[in-house]
Amino acid sequence: MEDPGWLSPREQGAWRAHLAAHRLLSYQLDRELQAFGLSLNDYEILVNLSESPGHRMRMSELADATIQSRSRLSHQISRMEAAGLVAREDCEDDRRGTYAVLTDLGWDTTQRVAPDHVASVREHFIDLLTPEQVATVEEIYTQVVDHLHSIRSVK
């Protein structure tokens, strides 16, 4: 059996700290968004739509942006439609395509929730780091994300 290149104790510590931080931070942010009747996934969709031209995205692009399967996103959009936060519209130029569109209620909800969410991100992440550490984290994760996007598009 070939040596897999085991992680050193320092590398193992870094990897496990990353996993724990990611899980705990996601859990905390999700818990705080529940006070608004939203999940972290709901909020991510609302933000993506709020930042898109016309507050709309093709469902396939939204699935890619939120790293969800198309079927999982479809179920989530159905729940958000029932809550009045988003609507679906057919693509005029592609009969198979569908847009997810932010409703007025979805926009108002995003605007109402954003200040509290940003305060939570600051409290539980940004303000725990120095400006230099924030720059380093951005550099590190940009490198990892770029790599993963490049291999994802190949497959």
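# A guided tour of the predicted model

Begin by selecting Leu49, Leu62 and Ile77, the residues with the most contacts inside the largest nonpolar core, which has 18 residues. A nonpolar core is a set of buried Ala, Val, Leu, Ile, Met, Phe, Trp, Tyr and Cys residues joined through side-chain atoms within 4.5 Å. Buried means under 20% relative accessible area, exposed means over 50%, and partly exposed lies in between (1.4 Å probe, protein chains only). Next, colour the elements that give two or more residues to this core: α2 (40–50), α3 (59–65), α4 (70–82) and β3 (98–102). The largest share, 4 residues, comes from α2. Helices (H or I, at least four residues) and strands (E, at least two) are DSSP runs, numbered from the N terminus.

This is a predicted model, in which local features need pLDDT of at least 70 and side-chain atom pairs count only at pLDDT 80 or more, while totals for chains, interfaces and linings use all residues. Residues are numbered from 1 along each chain as its sequence is written, and side-chain values use heavy atoms, with hydrogens and water left out.

**Inside the core**

Select Ile77 and display its contacts, where contact means heavy atoms within 4.5 Å. Not counting residues up to four places away in sequence, Ile77 touches Ile45, Met59, Leu62, Val86, Arg88 and Ala100.

Move now to Ala100, which lies in strand β3. Is Ala100 buried or exposed? Its relative accessible area is 0%, so Ala100 is buried. With residues up to four places away in sequence again left out, Ala100 touches Leu49, His55, Arg56, Met57, Met59, Leu62, Ile77 and Ala87. Draw a distance between the C-alpha atoms of Ala100 and Met59: these residues are 41 residues apart along the chain, and the atoms are separated by 5.9 Å.

**Salt bridges**

The structure holds 4 salt bridges. A salt bridge is a side-chain nitrogen of Lys or Arg within 4 Å of a carboxyl oxygen of Asp or Glu.

- Select Glu81 and Arg88, whose side chains meet in a salt bridge (2.9 Å, N to O). Glu81 is partly exposed because its relative accessibility is 30%, and Arg88 is partly exposed at 29%.
- Select Asp64 and Arg70, where the closest N and O atoms of the salt bridge are 3.4 Å apart. Asp64 has 35% relative accessibility and therefore counts as partly exposed; Arg70, at 47%, is partly exposed.
- Select Asp127 and Arg122, which form a salt bridge with the closest N and O atoms 3.0 Å apart. Arg122 is partly exposed, with a relative accessible area of 41%.

**A patch on the surface**

Switch to a surface view and select Ile140, Tyr141, Val144, Val145, Leu148 and Ile151, which form a nonpolar patch with about 470 Å² of accessible area together. In such a patch, residues have over 30% relative accessible area and no salt bridge, and nonpolar side chains (Val, Leu, Ile, Met, Phe, Trp, Tyr) are joined within 5 Å; patches of like charges are joined within 9 Å. Accessible areas come from the Shrake-Rupley method with a 1.4 Å probe; for residues, only the protein chains shown count as cover. One of the patch residues, Val145, is found in helix α6 (residues 131–154). Val145 counts as partly exposed because its relative accessibility is 39%.

**The whole chain**

Finally, display the complete chain, which has 6 helices and 3 strands. From the N terminus on, the elements run α-α-β-α-α-β-β-α-α. Buried residues make up 23% of the 155 residues.
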